[in-house]
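Let's take a walk through this structure together, one element at a time. Keep the 3D view open and turn it as you read.

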Amino acid sequence: MVDPQTAPDPDAGSSPVTTRAPEVALLLRGLTKRFGDTTAVDRLDLDVPRGSFYGLVGPNGAGKTTTLSMATGLLRPDAGTAHVLGVDVWDDPVAAKAQIGILPDGLRLFDRLTGQQLVTYAGLLRGMDRELVAGRTAELLAALGLTDAGDKLVIDYSAGMTKKITLACALVHAPRLLVLDEPFEAVDPVSARTIRGILEDFAANGGTVVLSSHVMDLVERICTDVAIIAAGVVRAAGPLGEVRAGASLEDRFLDLVGGRTTVEGLAWLRTSSD
Ligand SMILES: Nc1ncnc2c1ncn2[C@@H]1O[C@H](COP(=O)(O)OP(=O)(O)OP(=O)(O)O)[C@@H](O)[C@H]1O
């Protein structure tokens, strides 16, 4: 691992960072991505403190998935940099990816494998010892309530089970940074509580969690820090209390994003008009 204390500062050419980097698990500077005429992410800056539980919220199409994909080496930015624990994700993807566990949104899985085989494959791909992988796979399946489904093909899993097995794949190599796109989507309340427990324990022990979610209540309950993103730009970011500024996160979100609309029309939907 590159020592974050001497990691290059993307803002300062080749001079070493002496103050900021050590406490930052994920450092994004000027990240930009265009798809044709659409600027999905626009010179985005973000500092995710080490040990934080960081929530990324924003309306549909705000650029959350695109940002997380660029931050984790899945999508090459048009401009800007991403550093994970001081390692430049795009200059040294192998070292950076060794630190990261990713739960991507909508990425194809090798779903003709069983759940147990899929997690094993993820561990072996990370260069882990077969015996260690076997032990951790069994523990992860048990923790996520998937032991009985371990021999079932992933293609036959429900959406929630698929989410959980993908999370197991993200955890098996004991990463230092977890980047999770909508980790609680389609997950039942019991499993959500289990996942939350695993993630809180991870963060309490020095790991860092970055997650995107549309569920404001959940972000408010579990995240220490939050960034509100709209149209590819960070509108507010920092400790949850500071971003909320005395209001609920949902109200702050609606104020910043400008999403309050009055529903007019659709009179044909009102059954009382029959
Ligand atoms: N592969 C792609 N090709 C073209 N446009 C894309 C592509 N991926 C994303 N976009 C566009 O980039 C913008 C940001 O999309 P992105 O998926 O990052 O948003 P999001 O915040 O994750 O949205 P959601 O909350 O709905 O998942 C959108 O306008 C989207 O249409």
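The paragraphs below go from a buried strand to its neighbours, then to the ligand and a second sheet. Please keep in mind that this is a predicted model.

A good place to begin is strand β8, residues 208–212. How many of its residues are buried? The count is 5 of the 5 residues, so β8 is largely enclosed by the rest of the structure. You can see this on both of its faces: Thr208, Val210 and Ser212 point one way, Val209 and Leu211 point the other way, and all are buried. This fits a general pattern, since in a regular strand the side chains alternate between the two faces of the sheet.

Zoom in on Val209, which is found in β8. Val209 has 25 other C-beta atoms within 10 Å of its own, and a residue counts as buried at 20 or more, so Val209 is buried. This residue also shows how the fold brings distant parts of the chain together: Val209 and Arg50 are 159 residues apart in sequence, while their C-alpha atoms are 8.8 Å apart in space.

Which strands pair with β8? One partner is β3, residues 53–57, which runs parallel to β8 and is joined to it by 4 bridges. Here Gly55 stands opposite Leu211 of β8. Another partner is β7, residues 177–181, and this pairing is again in the parallel sense, over 5 bridges. In that case Asp181 stands opposite Ser212 of β8.

Now follow the chain from β7 to β8. Helix α6, residues 189–204, completes a right-handed β-α-β unit with these two strands. The helix has 16 residues and reaches 22 Å from its first C-alpha to its last, close to the 22 Å expected at 1.5 Å a residue. Its buried residues are Ile195, Leu199, Phe202 and Ala203. They cover an arc of only 95 degrees around the axis, which puts them on the same side of α6. Turn to the other side of the helix and you will find Pro189, Val190, Arg193, Gly197, Asp201 and Ala204, which are exposed.

Helix α4, residues 130–143, makes a nice companion case. Its 14 residues should span 20 Å at 1.5 Å a residue, and its end C-alpha atoms are indeed 20 Å apart. Val133, Thr137, Leu140 and Leu141 are buried in α4. Seen down the axis, these buried residues fall within an arc of 95 degrees, so they line one face of the helix. The face turned away from them carries Glu131, Gly135 and Ala142, which are exposed.

Next, move to the ligand. The residues around it are Phe35, Thr38, Ala40, Gly58, Asn60, Gly61, Ala62, Gly63, Lys64, Thr65 and Thr66. The elements that give two or more residues to this shell are β2 (38–49) and α1 (64–71). Helix α1 provides the largest share, with 3 residues. By type, the shell divides into 3 nonpolar, 7 polar and 1 charged residue.

Strand β2 leads to our last stop, an open sheet of 4 strands in the order β2-β1-β4-β5, with antiparallel pairing. Its edge strands are β2 and β5 (87–88), each of which pairs on one side only. Strand β1, residues 24–35, is joined to β2 by 8 bridges in an antiparallel arrangement, and in this pairing Val24 stands opposite Pro49 of β2.

Methods. Residues are numbered from 1 along each chain as its sequence is written. This is a predicted model: local features need pLDDT of at least 70, side-chain atom pairs count only at pLDDT 80 or more; totals for chains, interfaces and linings use all residues. A residue is buried if 20 or more other C-beta atoms lie within 10 Å of its own, exposed if 12 or fewer, and partly exposed in between; C-beta atoms are placed from the backbone. Two strands pair if DSSP finds at least two bridges between them. A crossover is right-handed if, with the strands pointing away from the viewer, the path from the first strand over the helix to the second runs clockwise. A residue is near a molecule or strand if its C-beta atom, placed from the backbone, lies within 6 Å of it. Ala, Val, Leu, Ile, Met, Phe, Trp, Tyr, Cys and Pro count as nonpolar, Asp, Glu, Lys and Arg as charged, and the others, Gly among them, as polar. The expected span of a helix is 1.5 Å times one less than its number of residues. The arc is that of the directions from the helix axis to the C-beta atoms.
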